[in-house]
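This briefing introduces a single protein chain to a reader who has not met it before. Please consult the sequence and the structure shown below while reading.

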Amino acid sequence: MQRLAVLLLMLCPVWVSPVSGAPAGLIPETEAARILEIVDWRKAEEVEIRLADHRYTPDELTFESYRPYRIRMRNVGETVHDMAGGDFFRGIVAQMVQSNTGRVVTPYIRSIYIRPGQEIELWFVPVKAGEFSFFCSLPGHREDGMEGLVTIR
């Protein structure tokens, strides 16, 4: 699976940084697999986030625990942007990250980088209630206000 992730990172206009195994603070991989196995993805609610130069729209999102979602991220800016942890990716279990050039299937993600004009979908299930941050980790972007907050109920 890691070879596939590396190959996709090299070929694809979208970069995903997957995590192998369950790092500290994340739900165990066997539990993540069980959650993803029983989800009806036909019921996934779609949410769009636009990544512009130094802002996300919307920058505040609310999700219900254990419901499937598909975030469609569109980079409408003129430069590369990402959606990096903060701690948002610690509150979810991912089914996959998909673009028009391929997909990465992994329950854990660190960050998603998207080139200008590209879009990517993140299929996931929120599993931890609370407030979780996300931000663009490229130099100066977060400082210019490119950050957001997710509430999981």
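With which residue does Glu48 form a salt bridge in which the closest N and O atoms are 2.9 Å apart? The partner is Arg74. The model discussed here is a predicted one. Its chain has two helices and 12 strands, and the points below begin with that overall plan before turning to salt bridges, cores and individual residues.

**Overall plan**

- Read along the sequence, the elements follow the pattern α-β-α-β-β-β-β-β-β-β-β-β-β-β.
- The chain comprises 153 residues, of which 44% are buried.
- Among contacts between residues at least 6 apart in sequence, 76% join residues at least 24 apart.
- The exposed area of the chain is about 7800 Å², and carbon and sulfur atoms supply 50% of this area.

**Salt bridges**

- In the whole structure, 11 salt bridges are found.
- The pair formed by Glu48 and Arg74 ties together parts that are 26 residues apart in sequence, because Glu48 lies in strand β2 and Arg74 in strand β5.
- Arg74 counts as partly exposed, since its relative accessibility is 28%.
- Salt bridges with shared partners join Glu46, Glu48, Arg50, Arg70, Arg72, Arg74, Glu119 and Glu121 into one network.
- Glu48 also forms a salt bridge with Arg50, where the closest N and O atoms are 3.7 Å apart.
- Glu48 has a relative accessible area of 30% and is therefore partly exposed; Arg50, at 38% relative accessibility, is likewise partly exposed.
- Another salt bridge links Arg42 with Asp40, with 3.0 Å between the closest N and O atoms.
- Within this pair, Arg42 counts as exposed at 76% relative accessibility, whereas Asp40 counts as partly exposed at 26%.

**Nonpolar cores**

- The largest nonpolar core holds 27 residues, and those touching the most other members are Phe63, Ile71, Met73, Phe88, Ile112 and Leu122.
- Strands β2, β4, β5, β7 (92-99), β9 (109-114), β10 (119-126), β11 (130-135) and β12 each supply at least two residues of this core.
- Apart from this core lies another, of 13 residues, among them Ile27, Ile35, Met96 and Val125.
- Leaving aside neighbours within four places in sequence, Met73 is in contact with Ile49, Leu51, Met83, Ile112, Ile114, Gln118, Glu119, Ile120 and Leu122.

**Strand β4 and its partner**

- Strand β4 covers residues 60-63, and its side chains alternate between two faces.
- Leu61 and Phe63 point to one face and are buried, while Glu60 and Thr62 point to the other and are not buried.
- In a regular strand, such alternation of side chains between the two faces of the sheet is the general rule.
- Strand β4 runs parallel to strand β12 (residues 147-152), and four bridges join the two.
- The bridge partner of Phe63 in β12 is Ile152.

**Loops and backbone features**

- His54 lies in the loop between β2 (45-52) and β3.
- Phi of His54 is near 80°, which is a positive value in a residue other than glycine.
- With a relative accessibility of 26%, His54 counts as partly exposed.
- Pro58 is found in the loop between β3 (55-57) and β4, and the peptide bond leading from Thr57 to Pro58 is cis, with omega near -5°.
- Tyr66 occupies the loop between β4 and β5 (69-75).
- Phi of Tyr66 is also positive, near 65°, in a residue other than glycine.
- Tyr66 has a relative accessible area of 46% and is therefore partly exposed.

**Val76 and its surroundings**

- Val76 belongs to the loop between β5 and β6 (81-84).
- Its relative accessible area is 42%, so Val76 is partly exposed.
- Although Val76 and Leu51 are 25 residues apart along the chain, their C-alpha atoms are separated by 5.8 Å.
- Not counting residues up to four places away in sequence, Val76 touches Arg50, Leu51 and Ala52.

Technical notes:
Residues numbered from 1 in each chain as written. Predicted model: local features only at pLDDT ≥ 70, side-chain atom pairs only at ≥ 80, totals over all residues. Heavy atoms only, no water. Buried < 20%, exposed > 50% of the residue type's maximum accessible area, 1.4 Å probe, protein only. Pairing = 2+ DSSP bridges. Contact = heavy atoms within 4.5 Å. Core = buried A, V, L, I, M, F, W, Y, C linked by side-chain atoms within 4.5 Å. Salt bridge = Lys/Arg side-chain N within 4 Å of Asp/Glu carboxyl O. Areas by Shrake-Rupley, 256 points an atom, 1.4 Å probe, with all protein chains shown as cover.
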